[in-house]
Amino acid sequence: MGPRIWLWPSLDAPLVAWLWQILFLRCFHAPGAGAGNVVASVLLVSVVWLIYAADRALDAWRGFGLRPRHEFYRRHWRAILPVWTVVLSATSWLAWTQLPVRLFEDGAWLAAIVVVYFAAVHGLRRTWPKEAAVAVIFALGASLAAWTQLETRADVFTVIVFSCLCWINCVAIEDWEGGSARWPIGVVAACVGLAAIAVLHRERPILAGAEAASASAFVLLDRGRLKLSADALRVLADVALLSPVLFLPLAGSRF
């Protein structure tokens, strides 16, 4: 059986980022509801896809593409490159012309961090923890539009916990697909979920619930991993981060 189509186009990560962006915006009551945040959402989805597509294509070219999602980019990069270039151009124009100055500046700083990441991983080929870097960048990107509303240590902790969940997602996929056990995924996820509830249940209960739900999903997946295929684990590891779907109705409609 050939590789499944949902493992290929790098659309899972943009969906996860978008859902968490909306949840952060609503929970932090970020100003500028309407068109401004629609633009921020469009940009987030496109930027995450650009980063993931480039990262996977470069991994494949370097000989690290042993997974179906990397193989897809190795085989079809000539067709993807024009699409990637058009999306990059449109994203750059939209950011330059439509974003508020503060959000544009914050995004520029984060873009610089992404450039450093690509230079280190694909240029200098450093062996530092790639999963941790990806998790931090992803969490910062998903919460970027709400940065101006992070006022307390609890607010900052919500982003830290989310970055931990992103890290768990990355290392779980690598371990489960490779059949290794570098990390006790279930134990780490349980600790992250308990920390979210213990620290955030009063000040940020909705975010605490969403983060604890995702952590619990990783615990369950880790316990049942031997009964599931590698493809199923790969997909379900991303499904575990879709918990905002359950909690967005509790956060109200205001962005």
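Is V45 buried, exposed or partly exposed, and what is its relative accessible area? In this model, which is predicted, V45 is found in helix α2, a helix that covers residues 35-61. The relative accessible area of V45 is 31%, and because buried means under 20% and exposed means over 50%, V45 counts as partly exposed. Together with L15 and W18, V45 makes a nonpolar surface patch of about 230 Å².

The overall architecture provides the setting for this residue. The protein has 10 helices and zero strands, and its elements, read from the N terminus on, run α-α-α-α-α-α-α-α-α-α. Of the 255 residues of the protein, 48% count as buried, while the accessible surface comes to about 13100 Å², with 69% of that surface belonging to carbon and sulfur atoms. When the contacts with a separation of 6 or more are considered, 76% of them are accounted for by residues that lie 24 or more positions apart.

The interior contains a largest nonpolar core of 59 residues, in which W20 and L23 touch the most other members. At least two residues of this core are supplied by each of α1 (12-27), α2, α3 (68-98), α5 (130-143), α6 (153-178), α7 (185-200), α8 (205-223) and α9. Of these contributions, that of α6 is the one that gives the most to the core, with 12 residues. Apart from this core lies another core, of nine residues, which includes V114, Y117, I137 and C170. As for L23, once residues up to four places away in sequence are not counted, this residue touches I206, L207 and A210, as well as P244, F247, L248 and A251.

A further residue, S243, is found in the loop between α9 (230-239) and α10 (244-247). Although S243 is in a loop, its relative accessible area is 6%, and it is therefore buried, since the cut-off for burial is under 20%. The side chain of S243 makes a polar contact with the side chain of S214, at 2.7 Å. When its neighbours within four places in sequence are left aside, S243 is in contact with S214 and also with W20, A210 and A213. Two of these names recur in the description of the core: W20 is, with L23, one of the residues that touch the most other members of the largest nonpolar core, and A210 is among the residues that L23 touches.

Conventions:
Residues numbered from 1 in each chain as written. Predicted model: local features only at pLDDT ≥ 70, side-chain atom pairs only at ≥ 80, totals over all residues. Heavy atoms only, no water. Helix = DSSP H or I, 4+ residues; strand = E, 2+ residues; numbered from the N terminus. Buried < 20%, exposed > 50% of the residue type's maximum accessible area, 1.4 Å probe, protein only. Polar contact = N/O pair within 3.5 Å; in protein donor to acceptor, adjacent residues only side chain to side chain. Contact = heavy atoms within 4.5 Å. Patch = residues over 30% accessible without salt bridge, like charges linked within 9 Å, V, L, I, M, F, W, Y side chains within 5 Å. Areas by Shrake-Rupley, 256 points an atom, 1.4 Å probe, with all protein chains shown as cover. Salt bridge = Lys/Arg side-chain N within 4 Å of Asp/Glu carboxyl O. Core = buried A, V, L, I, M, F, W, Y, C linked by side-chain atoms within 4.5 Å.
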